[in-house]
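Work through the exercises below with the sequence and the structure side by side. Each task is followed by a stepwise solution.

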Amino acid sequence: MRTRLPLIAFALAAAARPAPAAVPPVPTPDGNPITEDKRVLGKILFWDEQLSSDDSIACGTCHRPAFGGADPRSGRHTGIDKGTIDDVMGSPGIVSLGRDGHAQLHPLFGTGPQVTPRLAPSNFAGIWADELFWDGRASTLENQIRFPIEHPDEMGSTLDNAVDRFTRHDSYVRAFAQAFPDDPKITPANIARALAAYERTLG
């Protein structure tokens with residue numbers, strides 16, 4: 001009897017606790033309702049390495065579902081002092097590219113991938129956030145998406161470059177027309193809307 005009393009007391013206390021609060025629904029802006037065609041297109045874009053300048057990095061490269069949407073890889077970003085106590089661990093990005101688009105020797109990373117000054121966090125929690133990045137520079141997922149694409153260490157490209165690339169593929173032309181029947185074009189805004197719509201379905 002002596003051994004059962006603590007278990008009974010624990011069970012009664014647990015039963016008396018209020019149920020945890022439900023996770024709120026993922027907010028969806030009026031200008032970007034989620035449709036199945038848009039979700040599927042966004043998932044394809046999320047894993048397409050053509051969003052990076054050298055076809056080596058996709059959104060899913062750094063935000064991996066099996067690791068809670070975060071990046072299991074890491075590299076050392078030494079800064080200009082090349083190895084001191086203030087080094088940070090960050091996500092590997094693209095190799096350094098010159099103006100001609102060809103790989104060039106980087107003073108810190110040589111011919112290897114550049115390491116960004118931060119480790120990519122989970123993208124799951126961001127679907128509820130009304131401010132993104134440490135300084136709140138993006139207020140929506142649609143606004144946030146261009147930052148890693150345009151960062152010279154991360155993906156080193158632009159959404160305009162992505163438009164040029166995707167327009168050459170008939171399959172993408174058809175997919176964008178199905179996902180955006182009211183505006184059936186491949187545009188930077190529609191790329192961002194599709195990616196954001198897909199990410200919101202992960203909650």
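**Exercise 1. Fold order and overall dimensions**

Task: State which pattern of helices and strands the protein chain follows along the sequence, and how many helices and strands it has.

Solution.
- Step 1. The model is predicted. Reading along the sequence gives α-α-α-β-β-β-β-α-α-α-α-α.
- Step 2. The totals are 8 helices and 4 strands.
- Step 3. Now take the extent. Along the principal axes, the C-alpha atoms fill a box of roughly 80 × 55 × 25 Å.
- Step 4. Check against a globule. The radius of gyration of the chain is 22 Å, whereas a compact globule of 203 residues would have one near 17 Å.
- Step 5. Turn to contacts between residues at least 6 apart in sequence. Of these, 60% join residues at least 24 apart.

**Exercise 2. Surface and charge**

Task: Find what percentage of the residues count as buried, and describe the surface and the charged side chains.

Solution.
- Step 1. Of the 203 residues, 37% count as buried.
- Step 2. The accessible surface comes to about 12100 Å². Carbon and sulfur atoms account for 58% of that surface.
- Step 3. Count the charges. There are 20 positive and 25 negative side chains.
- Step 4. Locate the two sets. Their centres lie 8 Å apart.

**Exercise 3. The cysteines of helix α3**

Task: Decide how many disulfides the model has, and explain why C62 is not bonded to C59.

Solution.
- Step 1. Recall the chemistry. A disulfide is a covalent bond between the sulfur atoms of two cysteines.
- Step 2. Set the cut-off. The two sulfur atoms must be within 2.5 Å.
- Step 3. Apply it. The count comes to 0 disulfides. C59 is in none, and the nearest cysteine sulfur, that of C62, is 8.8 Å away.
- Step 4. Look from the other side. The closest cysteine sulfur to that of C62 is in C59, and 8.8 Å is too far for a bond.
- Step 5. Check burial. C59 has 14% relative accessibility, so C59 counts as buried. C62 is also at 14%, so C62 counts as buried.
- Step 6. Add T61, in helix α3 (residues 59–62). T61 counts as buried because its relative accessibility is 14%, under the 20% limit.
- Step 7. List the partners of T61 beyond four places in sequence. They are W47, S56, D71 and R73.

**Exercise 4. A positive phi**

Task: Place D55 in the chain and classify it as buried, partly exposed or exposed.

Solution.
- Step 1. D55 sits in the loop between α2 (36–46) and α3.
- Step 2. Its relative accessible area is 40%, so D55 is partly exposed.
- Step 3. Inspect the backbone. Phi of D55 is near 60 degrees, a positive value in a residue other than glycine.

**Exercise 5. Two residues of one loop**

Task: Compare L132 and R137 by location, burial and contacts.

Solution.
- Step 1. L132 is in the loop between β4 (113–115) and α4 (141–144). R137 is found in the loop between β4 and α4.
- Step 2. L132 has a relative accessible area of 10% and is therefore buried. R137, at 40%, counts as partly exposed.
- Step 3. Leave aside neighbours within four places. L132 is then in contact with G126, R137, A138, T140, L141 and Q144. R137 touches L132 and F147.
- Step 4. Take C-alpha distances. L132 and N143, 11 residues apart along the chain, are separated by 9.1 Å. R137 and L45, 92 residues apart along the chain, are separated by 23 Å.

**Exercise 6. Long-range pairs from two helices**

Task: For P148 and R193, find the helix, the burial class and the distance to a residue far off in sequence.

Solution.
- Step 1. P148 belongs to helix α5 (residues 146–150). At 17% relative accessibility, P148 counts as buried.
- Step 2. Beyond four places in sequence, P148 is in contact with F133, E154, M155 and G156.
- Step 3. S52 is 96 residues from P148 in sequence, and their C-alpha atoms are 9.3 Å apart.
- Step 4. R193 lies in helix α8 (residues 188–200). Its relative accessible area is 27%, so R193 is partly exposed.
- Step 5. With residues up to four places away not counted, R193 touches G31, N32, K38, E142 and F180.
- Step 6. Single out K38. K38 and R193 are 155 residues apart in sequence and 8.2 Å apart, C-alpha to C-alpha.

How values were computed: Residues are numbered from 1 along each chain as its sequence is written. This is a predicted model: local features need pLDDT of at least 70, side-chain atom pairs count only at pLDDT 80 or more; totals for chains, interfaces and linings use all residues. Side-chain values use heavy atoms; hydrogens and water are left out. Buried means under 20% relative accessible area, exposed over 50%, partly exposed in between (1.4 Å probe, protein chains only). Contact means heavy atoms within 4.5 Å. The radius of gyration is taken over C-alpha atoms; the globule rule is 2.2 Å times the number of residues to the power 0.38. Accessible areas come from the Shrake-Rupley method with a 1.4 Å probe; for residues, only the protein chains shown count as cover. Lys and Arg count as positive and Asp and Glu as negative; His and the chain ends are not counted. The place of a charge is taken as NZ of Lys, CZ of Arg, CG of Asp or CD of Glu.
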